[in-house]
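Let's take a walk through a protein model together, one step at a time. Keep the picture open beside you and turn it as you read.

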Amino acid sequence: MAEHTAEHHIVPLKVYFAVFGALMVFTAITVFVAQFDLEHYWGPLNIIVAMTVATIKATLVVLYFMHVRYSSRLTQVIVVSGLFWLAILLVFTLMDYLSEPAGQPSWASNRKTIFLPG
Amino acid sequence: MAEHATHVPGLAHHFVSMEQQKEAGTIGMWIFLLTELMFFGGLFLAYAIFRYKYPDGFLQGSHLLSVPLGGLNTFILILSSLTMALGVYYSQMGDRKKLVAFLTMTLLLGLAFLVVKFFEYKEKFDHHLFPAIGFWNPAADHPPEQYHQHVRVFLWIYFAMTGLHALHMIVGAGILITLIYLARKGTFTKEYNSPVEISGLYWHFVDIVWIFLFPLLYLTGFHVSGGH
């Protein structure tokens with residue numbers, strides 16, 4: 001294991017150019033798709049498509065430009081643990097907020113009942 | 001303890017080998033980037049909550065941003081990530097000339113991004129759309145009046161997120177200037193190049209933040225016609 005990580009891995013140039021090409025194609029896809037009203041089919045579809053494409057792009061950058069695919073297991077575990085903490089932040093907070101009706105501030109419904117008489 | 005068999009230039013005395021030193025540097029940078037991830041994560045969370053609360057303000061506000069300019073900056077930043085990756089490659093090859101060339105290209109692309117951003121910000125100030133000072137001019141070509149406050153929330157998020165991102169770009173430019181200076185002096189060799197590599201990690205991280213900001217801010221209202 002230690003011997004494996006000690007290897008000095010140099011990513012070949014063609015990998016960098018291929019990743020760059022893929023990033024450009026995905027950018028074009030996200031701009032192109034954003035013009036269509038996918039919400040007509042399902043409310044959050046536009047944002048889901050946009051975030052899926054962005055996540056694919058980010059994964060390509062992390063794996064190849066940032067060499068995580070070729071890094072030590074320890075580095076890989078650290079990267080994944082960071083994403084896990086980010087998921088806790090986002091998911092647990094949004095579970096609370098998304099349980100309230102959309103389109104109005106969270107204090108609006110409470111204010112009437114608590115502070116305003118009648 | 002016996003001293004190391006060979007003294008390697010660039011190896012700090014508290015590390016056993018170049019590989020151990022490099023691994024420590026990489027992990028240290030990744031831990032810093034995770035704190036950055038949580039830092040930006042808080043803003044992305046704020047974006048999600050406000051967007052859920054004020055969907056109309058985000059649709060109207062998104063129309064105020066220029067998709068061509070945002071797209072241009074996306075292209076510039078991804079290209080700069082490529083030149084940075086190539087810089088790391090040539091530092092590993094020990095090619096000083098190409099290392100300096102690609103670091104300089106990355107710096108110029110980063111500065112080009114900031115110039116475009118400057119003109120976008122200036123346009124917002126000129127049109128009374130900076131959410132703090134002189135906000136909103138009823139006579140101007142703004143979204144309908146009823147969206148006033150909700151558009152303001154969107155613009156706060158826009159300035160906070162892109163502003164923090166631009167600040168990271170400025171810091172990145174400073175790092176690149178330092179790297180170019182050191183590379184020209186011949187500090188980096190085939191054996192010792194981890195400063196270039198971990199600075200590259202930082203640069204790519206800032207690129208990733210923009211990869212998410214572009215669709216969330218610029219493209220969110222793109223499918224709704226007849227906006228601004």
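The paragraphs below go from the two chains to the place where they touch, then to the core, and finally to a few single residues.

Before anything else, remember that this is a predicted model. It helps to ask how confident the predictor was. Chain A averages a pLDDT of 82, and 79% of the residues score at least 70. Two stretches of chain A deserve some caution. Over residues 1-7 of chain A the pLDDT stays under 50, and the model has 3 contacts beyond four places in sequence for them. In residues 111-118 of chain A the pLDDT is also below 50, and this stretch has 1 contact beyond near neighbours in sequence.

Now look at the chains themselves. What kinds of elements does chain A have? There are 5 helices and 0 strands in chain A, so reading from the N terminus you meet α-α-α-α-α. Chain B has 6 helices and 0 strands, and its elements run α-α-α-α-α-α from the N terminus on.

Let's see how each chain is packed. Of the 118 residues of chain A, 15% count as buried. For chain B, with its 228 residues, the figure is 40%. You can also ask how far along the sequence the contacts reach. Take the contacts in chain A between residues at least 6 apart in sequence: 49% of them join residues at least 24 apart. Counted in the same way within chain B, 80% of such contacts join residues at least 24 apart.

What about the overall form of chain B? A compact globule of 228 residues would have a radius of gyration near 17 Å, but chain B has 22 Å. The box filled by the C-alpha atoms of chain B, taken along the principal axes, is roughly 75 × 35 × 30 Å. Try turning the view until you can see the 75 Å direction of that box.

Next, find the place where the chains meet. How many residues of each chain are in contact with the other? On chain B there are 35, and they are in contact with 43 residues of chain A. Three helices of chain B, namely α1 (18-53), α3 (67-93) and α6 (194-218), each supply at least two residues of the side that touches chain A. The largest share comes from α1(B), with 15 residues. What sort of residues are they? On this side of chain B, 23 are nonpolar, 8 are polar and 4 are charged.

From the meeting place we can move to the core. The largest nonpolar core has 70 residues, and within it B:A85 and B:L103 touch the most other members. Both chains take part: α2 (13-34) and α3 (45-65) of chain A each supply at least two residues, and so do α1, α2 (55-62), α3, α4 (96-126), α5 (148-185) and α6 of chain B. Which helix gives the largest share of this core? That is α6(B), with 15 residues. To see one of the central members, select B:L103: leaving out residues up to four places away in sequence, it touches B:G87, B:L176, B:L179, B:I180 and B:A183.

Stay with α6(B) for a moment. Of its 25 residues, 21 are buried, so the helix is mostly covered. There is a neat check on its length, too. At 1.5 Å a residue, α6(B) should span 36 Å, and its end C-alpha atoms are indeed 36 Å apart, which agrees.

We finish with some single residues. B:E23 lies in helix α1 of chain B. Is B:E23 buried or exposed? It counts as buried because it has 20 C-beta neighbours inside 10 Å, and 20 is the number at which a residue becomes buried. B:E23 and B:S194 are 171 residues apart along the chain, yet their C-alpha atoms are separated by 8.9 Å.

Two histidines have a positive phi. A:H67, in the loop between α3 and α4 (73-97) of chain A, has a phi of about 65 degrees although it is not a glycine. With 20 C-beta neighbours inside 10 Å, A:H67 counts as buried. In chain B, the loop between α4 and α5 holds B:H128, whose phi is near 60 degrees. B:H128 is partly exposed, because 16 other C-beta atoms lie within 10 Å.

Note on methods
Residues are numbered from 1 along each chain as its sequence is written. Chains are lettered from A and ligands numbered from 1 in the order in which they are written. This is a predicted model: local features need pLDDT of at least 70, side-chain atom pairs count only at pLDDT 80 or more; totals for chains, interfaces and linings use all residues. Two residues are in contact if their C-beta atoms, placed from the backbone, lie within 7 Å. Helices (H or I, at least four residues) and strands (E, at least two) are DSSP runs, numbered from the N terminus. Ala, Val, Leu, Ile, Met, Phe, Trp, Tyr, Cys and Pro count as nonpolar, Asp, Glu, Lys and Arg as charged, and the others, Gly among them, as polar. A nonpolar core is a set of buried Ala, Val, Leu, Ile, Met, Phe, Trp, Tyr and Cys residues joined through C-beta atoms within 7 Å. A residue is buried if 20 or more other C-beta atoms lie within 10 Å of its own, exposed if 12 or fewer, and partly exposed in between; C-beta atoms are placed from the backbone. The expected span of a helix is 1.5 Å times one less than its number of residues. The radius of gyration is taken over C-alpha atoms; the globule rule is 2.2 Å times the number of residues to the power 0.38. pLDDT is the predictor's confidence in each residue, from 0 to 100.
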